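Subject: Structure for you to look through

Dear colleague,

I am handing over the structure that we talked about, together with some notes on what was found in it. Please open it first and keep it beside you while you read.

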Amino acid sequence: MRRSKKLAVLSILVPFAAGCREMQSALSPVGPEAERIAFVFWVMTWGSVVIMLGLIALTAVAILGPPRWRQAIASERLVIGAGIVFPIVLLAALLGYGLTAMGANAPAPSEKALRIAVVGEQWWWRVTYQTPDGRRVESANELRIPVGQPVILELTAADVIHSLWIPTLAGKLDMIPGRTTRMRVIASKPGVSRGQCAEYCGGAHALMSFYVVASDEAEFEAWLAREAAGAKQATDQSGERLFHASGCGACHAVRGTPATGRIGPDLTHVGGRMSLAAAALPNDAGSFARWIRDNQQIKPENRMPPYGIFSEQELSAISAYLANLK
Ligand code: CUA
């Protein structure tokens with residue numbers, strides 16, 4: 001009995017603990033936009049707590065108070081003032097405040113800032129950077145941004161409506177096919193945040209996440225230069241040969257090799273990312289093997305077919321090749 005009680009308490013607490021993970025919490029802001037949103041949240045929360053307490057007190061007086069007090073709160077003036085005028089004025093003020101706070105983040109189309117294009121696809125993120133010399137560099141499922149600088153995320157979608165949400169940095173913004181929406185984010189300190197698709201986009205919607213890595217400017221520039229370079233030469237070429245011979249390059253690009261596919265994520269530096277399959281798996285050789293073989297179990301109905309054709313040895317050769325693409 002005691003054990004089941006303990007389990008019941010734990011099962012109530014677990015979601016709270018998971019929800020409070022600072023990496024993906026709007027209440028742990030690491031940028032001015034998310035700070036503004038957190039501030040709106042606390043104003044609304046504490047405001048409603050104060051009003052609720054006032055209502056409870058009035059109800060207690062109405063039920064249990066001395067007749068003189070009960071008479072006072074039954075007056076028509078109080079009913080009209082506190083029951084009609086007060087909510088109208090307060091809700092209108094809160095609406096105005098909320099809209100102003102939210103609208104403050106919309107960037108002008110011509111604003112000078114680092115721009116990163118993000119396309120939502122079922123169920124991953126295509127991310128395109130621009131190098132200082134104007135080259136476009138494609139990556140996936142991870143955002144790298146410099147600290148302290150405004151970054152404008154240019155969002156669109158390839159198939160259905162998605163929504164990009166990095167709770168520690170900003171509010172959510174829809175990604176709509178055929179339209180570009182823009183969001184400004186500024187990370188105020190280095191660190192890793194987690195983002196999530198926030199618009200139901202099909203069966204694996206919940207498995208459409210990503211990491212955002214904010215680092216100081218020099219580190220970001222060094223990373224972008226590495227990311228812009230082609231894939232490094234494989235030390236053991238059996239995995240690479242198998243990758244190309246099996247037709248992986250029809251859907252995936254590995255820059256600097258014959259693989260130039262555009263359907264799935266660019267894999268040029270996939271081994272250097274924080275996760276695989278849009279944060280569904282950790283990034284290691286074992287996860288590559290699992291994904292290649294069991295991807296339809298891990299993320300049902302994703303566009304990659306399951307590759308049951310490989311032997312264990314072939315799987316580990318391909319996985320080792322991919323894990324080494326850093
Ligand atoms: Cu993409 Cu939900």
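What radius of gyration does the protein have, and what would a compact globule of 326 residues have? The protein has 26 Å, whereas such a globule would have a value near 20 Å; the radius is taken over C-alpha atoms, and the globule rule is 2.2 Å times the number of residues to the power 0.38.

Please bear in mind that this is a predicted model, in which local features need pLDDT of at least 70 and side-chain atom pairs count only at pLDDT 80 or more, while totals for chains, interfaces and linings use all residues. Residues are numbered from 1 along each chain as its sequence is written, and side-chain values use heavy atoms, with hydrogens and water left out.

The C-alpha atoms fill a box of roughly 90 × 60 × 35 Å along the principal axes, and the secondary structure comes to 8 helices and 12 strands (DSSP runs, numbered from the N terminus: H or I of at least four residues for helices, E of at least two for strands). Of the 326 residues, 40% count as buried, where buried means under 20% relative accessible area, exposed over 50% and partly exposed in between, with a 1.4 Å probe and protein chains only.

Strand β4 (residues 142–146) is a good place to begin, because 5 of its 5 residues are buried and the strand is therefore largely enclosed by the rest of the structure. On one side lie Glu-142, Arg-144 and Pro-146, and on the other Leu-143 and Ile-145. β4 pairs with strand β10 (residues 209–215) in the parallel sense over 5 bridges, pairing being called when DSSP finds at least two bridges, and Leu-143 stands opposite Val-212 of β10.

Leu-143 and Ile-145 are also among the residues with the most contacts inside the largest nonpolar core, which has 35 residues; such a core is a set of buried Ala, Val, Leu, Ile, Met, Phe, Trp, Tyr and Cys residues joined through side-chain atoms within 4.5 Å. A second, separate core of 24 residues includes Phe-310 and Tyr-321.

Helix α2 (residues 32–64) has 33 residues and should span 48 Å at 1.5 Å a residue (times one less than the number of residues), and its end C-alpha atoms, 47 Å apart, agree with that. The buried residues of α2 include Ala-38 and Val-61.

With best wishes
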